[in-house]
Amino acid sequence: MEKEQWREYEERFRHHHEQSLPYRFLPESAEEHEIVVKSFPPISIPSGQGVLTLDCEKMGFEKWPGPIPYADIVALSVDDNRVLTITRRLGSPSQSIKLSKFADQQGVIDAINRYYGRYQSAVGYQALKKTLARVTDLPAE
């Protein structure tokens with residue numbers, strides 16, 4: 001009986017660990033990229049004005065000059081007219097997209113939040129990891 005309980009515990013732990021990995025990686029290897037893409041595959045969402053594409057590293061829209069890496073995004077906002085504005089780092093032009101042109105506006109917002117949120121979680125995790133590495137490497141006084 002105890003053996004079965006340990007097996008179930010280990011399986012739940014393994015499952016939780018596997019689900020958390022994509023939120024930790026800013027892929028630096030093919031293996032890490034594969035893990036992230038498994039949970040965050042490229043998606044395309046059509047609208048009356050073009051197709052919005054999302055993947056684990058960037059978002060794009062047919063009307064934009066090119067895809068926007070999540071690393072370039074400073075803020076996302078939706079105004080009263082249901083226009084999503086993507087504010088980028090200095091030197092990069094902002095882009096916008098009319099959510100009203102999508103059949104499922106909330107689905108678009110949810111997808112962007114999911115993909116961009118994963119990226120932000122990974123950035124935060126990597127920053128914490130670097131901070132902890134610096135702290136633990138401090139010489140003893």
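In this predicted model, Phe40 is about as hidden as a side chain gets to be called buried: its relative accessible area is 1%, against a cut-off of under 20%. Phe40 sits in the loop between helix 2 and strand 1, and its ring partner, Tyr23, lies 17 residues away in the loop between helix 1 and helix 2, so the pair ties together distant parts of the chain. The rings of Tyr23 and Phe40 meet edge-to-face, at 5.5 Å centre to centre and with 85 degrees between the planes. Tyr23 itself counts as partly exposed, at 33% relative accessibility. Ring pairs also bring in Tyr115, giving a cluster of Tyr23, Phe40 and Tyr115.

Across the whole structure, a search turns up six aromatic pairs. Another of them joins Tyr116 and Tyr119, with ring centres 6.5 Å apart; their planes are at 15 degrees, so this pair is stacked. Tyr116 and Tyr119 are three residues apart in helix 3, which puts about one helical turn between them. Both are buried, Tyr116 at 9% relative accessibility and Tyr119 with a relative accessible area of 16%.

Helix 3 runs over residues 105–136, 32 residues in total, and spans 46 Å from its first C-alpha to its last, close to the 46 Å expected at 1.5 Å a residue. Its buried residues include Val108, Ile109, Ala111, Ile112 and Tyr115, and also Arg118, Ala122 and Gln126. Among the elements covering these buried residues are helix 2 and strands 1, 2, 3, 5 and 6.

Cys56 has contacts with this helix too. Found in the loop between strand 2 (51–54) and strand 3 (58–61), Cys56 counts as buried at 4% relative accessibility. Leaving aside residues up to four places away in sequence, Cys56 touches His33, Val36, Val37, Phe40, Tyr70, Tyr115 and Arg118. Phe40 and Tyr115, both members of the ring cluster, are thus on the contact list of Cys56. Leu99, by contrast, is 43 residues from Cys56 in sequence and 21 Å away in space, C-alpha to C-alpha.

That leaves the pockets. The largest one has a volume of about 180 Å³, and it is lined by His15, Glu18, Gln19, Leu21, Glu31, Glu34, Ile35, Lys38 and Ser39. Helix 1 (2–20) and helix 2 (30–39) each contribute at least two of the lining residues, with helix 2 giving the largest share, five residues. By type, the lining divides into four charged, three polar and two nonpolar residues.

Terms used
Residues numbered from 1 in each chain as written. Predicted model: local features only at pLDDT ≥ 70, side-chain atom pairs only at ≥ 80, totals over all residues. Heavy atoms only, no water. 1 Å grid on protein atoms, 1.4 Å probe; cavity = no way out; pocket = protein on both sides within 12 Å on 5 of 7 lines; lining within 4 Å. Points joined across faces, edges and corners; volume = space filled by probe spheres on them. Helix = DSSP H or I, 4+ residues; strand = E, 2+ residues; numbered from the N terminus. Nonpolar A, V, L, I, M, F, W, Y, C, P; charged D, E, K, R; others polar. Buried < 20%, exposed > 50% of the residue type's maximum accessible area, 1.4 Å probe, protein only. Contact = heavy atoms within 4.5 Å. Expected span 1.5 Å × (residues − 1). Phe/Tyr/Trp six-rings, centres within 6.5 Å; stacked < 30°, edge-to-face > 60°.
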